[in-house]
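Here are a few short exercises to help you find your way around. Keep the view open and try each one before reading its solution.

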Amino acid sequence: MVCTKYGPPDVLQLQEVEKPAPRDNEVLIRIYATAVTSSDCIIRGFKVSTRRWILGRLLLGLTKPRKPVLGLVLAGEIETVGKDVKRFQMGARVYAFTKFRFGAYAEYTCLPEDSVMAVMPSNLTYEEAAAIPFGGLLALHYLRKGNIQSEQKVLIYGASGAVGTSAVQLARHFGAEVTGVCSTTNVELVKSLGADQVIDYTQADFTKKGELYDLIFDAVGKASASNCEKALTPNGKYVSVGHGSPRPCAEDLLFLTELIATGQLQAVIDRCYPLEQIVEAHRYVDTGHKKGNVVITVEQNSQLHKTL
Ligand SMILES: NC(=O)c1ccc[n+]([C@@H]2O[C@H](COP(=O)([O-])OP(=O)(O)OC[C@H]3O[C@@H](n4cnc5c(N)ncnc54)[C@H](OP(=O)(O)O)[C@@H]3O)[C@@H](O)[C@H]2O)c1
């Protein structure tokens, strides 16, 4: 799926591109699932503030994405390994976060062996695995940035998105007492992920309930920072997805893999679309109301070639 220019979802077009060949330090991955993340939609639509406009274009491409095949996360099988690759073997089922290489909206991609890539937990499907890295790695980054500690009172604002659903589960793993904030339709979901309390933001303003928190993580970037700060304990911390650029590493993904294997982290999937319908998937993610993750399945011998 090639992003032909910056714009609405239909700038994504099905095209035949050359199958990549791995370099000596790379693996060739046959992709079975990817996801449409909020970041993919930001890049596709170039939804960047005026302040970051020039830097954004220099980084991503002046008139269209320099890396025309978007897609930040993948799950698939290693088809070939370069001659210097030691960490992975042919046939391994892996999942990955591709960072600025993008490239997951395709049947194949190559990644260096030192990428943010790990062998998938054996109890996951490819679809579930593709739903983990984006939200999981971001949530881990911000909770660590907030120096999360066991027995703290932690509030996750925007607990129903990709980052939020992971943050609730990770905060529980770290031993915190977790309060999730979401809308009415997502209250049961957030409870099911282990939140001790859930506040429906359509019914109540958490900053006016008189509760104080040791850590507030705005996982959707929509809470007022000054209001959040009023709901903090004297040494409390406030972190937001709006601040900073996380740089996840392979160890972080291995950390998540361990939590999945031990049943402490699960994938939250809202909808699945085949790659041919990724334009629809982008339209849905653009609404800003997805629950957890929107996964894309990439099937061999699918409609892809028939459509072409
Ligand atoms: N710092 C970085 O490097 C970085 C990188 C990637 C992404 N981000 C940002 O991270 C944020 C989260 O990403 P994501 O993929 O998790 O988002 P997402 O899944 O698209 O978030 C959607 C969820 O947010 C909830 N929501 C929408 N408006 C809300 C509000 N006013 N209050 C509370 N919840 C609200 C929605 O539920 P309801 O509509 O039902 O409330 C929905 O479940 C995005 O804003 C993205 O821009 C930052």
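**Exercise 1: The chain as a whole**

Work out how many of the residues are buried, as a percentage of the chain.

*Solution.* Of the 308 residues in the chain, 53% are buried, which here means under 20% relative accessible area. Keep in mind that this is a predicted model. Now turn to the surface: its accessible area is about 14400 Å², and carbon and sulfur atoms account for 50% of that.

**Exercise 2: Checking the overall size**

Decide whether the radius of gyration agrees with that of a compact globule.

*Solution.* Start with the expectation: for 308 residues, a compact globule would come out near 19 Å. Next, take the value for the chain, which is 19 Å, so the two agree. For the box around the C-alpha atoms, go along the principal axes and you get roughly 60 × 40 × 35 Å.

**Exercise 3: Tracing a sheet**

Among the 10 helices and 14 strands of the chain, find the open sheet of five strands and name its edges.

*Solution.* First, lay out the order: β10-β9-β8-β11-β12, with parallel pairing. Then look at the ends: β10 (197–200) and β12 (232–240) each have a single partner strand, so one side of each has no neighbour in the sheet. On average, neighbouring strands are turned by 20° against each other, ignoring direction.

Now zoom in on one pair. Strand β8 (residues 153–157) is joined to β9 (residues 177–182) by five bridges, and Lys 153 sits opposite Glu 177 in β9. Finally, add helix α5 (residues 162–173): it lies across β8, β9 and β11 (213–218), at about 170° to β8.

Methods. Residues numbered from 1 in each chain as written. Predicted model: local features only at pLDDT ≥ 70, side-chain atom pairs only at ≥ 80, totals over all residues. Heavy atoms only, no water. Pairing = 2+ DSSP bridges. Helix = DSSP H or I, 4+ residues; strand = E, 2+ residues; numbered from the N terminus. Axes fitted to C-alpha atoms, helices over the stretch in contact; angles between N-to-C directions. Contact = heavy atoms within 4.5 Å. Rg over C-alpha atoms; globule rule 2.2 N^0.38 Å. Buried < 20%, exposed > 50% of the residue type's maximum accessible area, 1.4 Å probe, protein only. Areas by Shrake-Rupley, 256 points an atom, 1.4 Å probe, with all protein chains shown as cover.
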